[in-house]
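This briefing sets out selected features of the structure shown below. The points are grouped by topic.

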Amino acid sequence: MTMHVFVQIPCLNEAKTLPMVMERMPKSIPGVDRLDVMIVDDGCTDDTVAVARALGIRHIVHHSGTMGLARAFRDGVDYALKHGADIVVNTDGDNQYPSERIGDLVRPIIEGKADIVVGDRQTDTIKEFGPFKKLMQRFGSWVVNAAAGGTHIPDAASGFRAYSKRALIQLNILTEFSYCMETIIQAGYKRIAITSIPIVTNPKTRNSRLFHNIFEHMGKSAGAIVRSFLMFRAHTVFTWSAIVPGLLAAIIFIRYLTFFFAGQGRGHMQSLLLGVMLFIWMVISLLLLIISEVMRTQRKLQEDQLERVKEIEYSPAARALWGGTLHQDAADPQQSCAEWKATR
């Protein structure tokens, strides 16, 4: 069985740093029969695409405008799987991550020990990160792992990752901000084997283009985490939302009945009213819990169907069709580059 690895590099005006990324890009990896590199041109207005071609990058996915990291990741994965990828590695075009460690990143997948591998930047050692940012990185990773149901990824925001084909077929990226945290939560919910390896990042070359400051990043990340958590674990919220007011209502009712049988019920009507309100809260939460369970079952059935569709879409027979179509879409059919304009 052959092993095909695709390294995808989302790019937004990375003409200056892309050569640095490619300088230490491995030419081969033990256990890998074929290694391809692809860039996702997310609306670049500089010479990124020309630089990529000059560096020998044969696979290019074009966006007519800037669509964001999550969309770039999705379209890159789609392209890679349509070209036969068994493992897809994601790294950044700003040279933040060590390209030479890609072999170590894919090793657990090749050995069958994991389906997702995350590069742990060891954020406590990054000089560019201040104390507050380091604290928020640790706290954010803890929240993501808790939301995922007990994963153990120390750097949930790291974009240096490797995914097996099996994992990518199971995952569905819905966020518009960053796929990093959503995929960890989904991996925990779907019991996809996920692990991490320690890495050392390269010196900073530019500021992040995903956010302007740490508070914007925290807000967007919190929104992505909450949406993902509610999508897959809403039953947990509604369960506790029913248990807590239910217990409080029971305590209040018992207290009121104690006073009532002692002939002092009239003086505690406020307590009875509070107990009734908590009881109504509990009933509403139970109804929402039932609805969330029905929706969770429906989503599970739909995702199972989507997995089957993806298996067919990325099968060898279908890849022959996709390959022919994508090459026909190239600006110059005589070029060796397989360029694809993402229009979905």
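**Helix H8 and overall organisation**

Leu257 is located in helix H8. The model to which this residue belongs is predicted. The chain is built from 10 helices and eight strands, and 50% of its 344 residues count as buried. Among contacts in the chain with a separation of 6 or more, 73% are between residues 24 or more positions apart.

**Two residues of helix H8**

- Leu257 is partly exposed because its relative accessible area is 41%, a value between the cut-offs of 20% and 50%.
- Leu257 and His268 are separated by 11 residues in sequence, and their C-alpha atoms are 9.8 Å apart in space.
- Ser241 also has its place in helix H8, which covers residues 214-261.
- With a relative accessible area of 19%, Ser241 is buried, since that class takes in values under 20%.
- When residues up to four places away in sequence are not counted, Ser241 touches Trp281 and Ser285.
- With Trp281, the link is a polar contact between the two side chains, at 3.1 Å from Ser241.

**Helix H7**

- Helix H7 spans residues 179-189, and it is largely enclosed by the rest of the structure because 11 of its 11 residues are buried.
- The buried residues of H7 include Tyr179, Cys180, Met181, Glu182 and Tyr189.
- Thr183, Gln186 and Gly188 are also among the buried residues of this helix.
- Arg191, just after H7, takes a positive phi of about 60°.

**The second largest pocket**

- The volume of the second largest pocket is about 340 Å³.
- This pocket is lined by 17 residues, of which Arg74, Leu171, Asn172, Lys310 and Tyr314 are the closest to its centre.
- Helix H3 (69-82) and helix H9 (269-313) each contribute at least two residues to the lining.
- H3 gives the most to the lining of this pocket, with seven residues.
- By class, the lining residues comprise nine nonpolar, one polar and seven charged.

**Salt bridges between distant parts of the chain**

- The whole structure contains 15 salt bridges.
- One of the salt bridges joins the side chains of Glu100 and Arg24, with an N to O distance of 3.6 Å.
- This pair links distant parts of the chain, 76 residues apart: Glu100 is in the loop between strand E4 (87-90) and helix H4 (102-110), while Arg24 is in the loop between helix H1 (18-23) and strand E2 (34-42).
- Glu100 counts as partly exposed because its relative accessibility is 37%.
- Arg24 counts as exposed, as its relative accessibility is 52% and the class covers values over 50%.
- A salt bridge also forms between the side chains of Lys82 and Glu313, at 3.9 Å, N to O.
- The pair of Lys82 in helix H3 and Glu313 in helix H9 again links distant parts of the chain, with the two positions 231 residues apart in numbering.
- Lys82 has a relative accessibility of 5% and therefore counts as buried.
- Its partner Glu313, at 22% relative accessibility, counts as partly exposed.

**A salt bridge within helix H9 and a wider network**

- Asp304 forms a salt bridge with Lys300, and the closest N and O atoms are 3.1 Å apart.
- Both Asp304 and Lys300 belong to helix H9, where they are four residues apart, about one turn of the helix.
- Asp304 is partly exposed because its relative accessible area is 23%.
- Lys300 likewise counts as partly exposed, at 42% relative accessibility.
- A network of salt bridges links Arg166, Glu307, Arg308 and Glu311.

Conventions. Residues are numbered from 1 along each chain as its sequence is written. This is a predicted model: local features need pLDDT of at least 70, side-chain atom pairs count only at pLDDT 80 or more; totals for chains, interfaces and linings use all residues. Side-chain values use heavy atoms; hydrogens and water are left out. On a 1 Å grid over the protein atoms alone, a cavity is a set of points where a 1.4 Å probe fits but cannot get out, and a pocket is an open set with protein on both sides within 12 Å along at least five of seven lines; lining residues have an atom within 4 Å of a point. Grid points are joined across faces, edges and corners, and a volume is the space filled by probe spheres set on the points. Ala, Val, Leu, Ile, Met, Phe, Trp, Tyr, Cys and Pro count as nonpolar, Asp, Glu, Lys and Arg as charged, and the others, Gly among them, as polar. Buried means under 20% relative accessible area, exposed over 50%, partly exposed in between (1.4 Å probe, protein chains only). A polar contact is a pair of N or O atoms within 3.5 Å; within protein, one must be able to donate a hydrogen and the other to accept it, and residues adjacent in sequence count only if both atoms are side-chain atoms. Contact means heavy atoms within 4.5 Å. A salt bridge is a side-chain nitrogen of Lys or Arg within 4 Å of a carboxyl oxygen of Asp or Glu.
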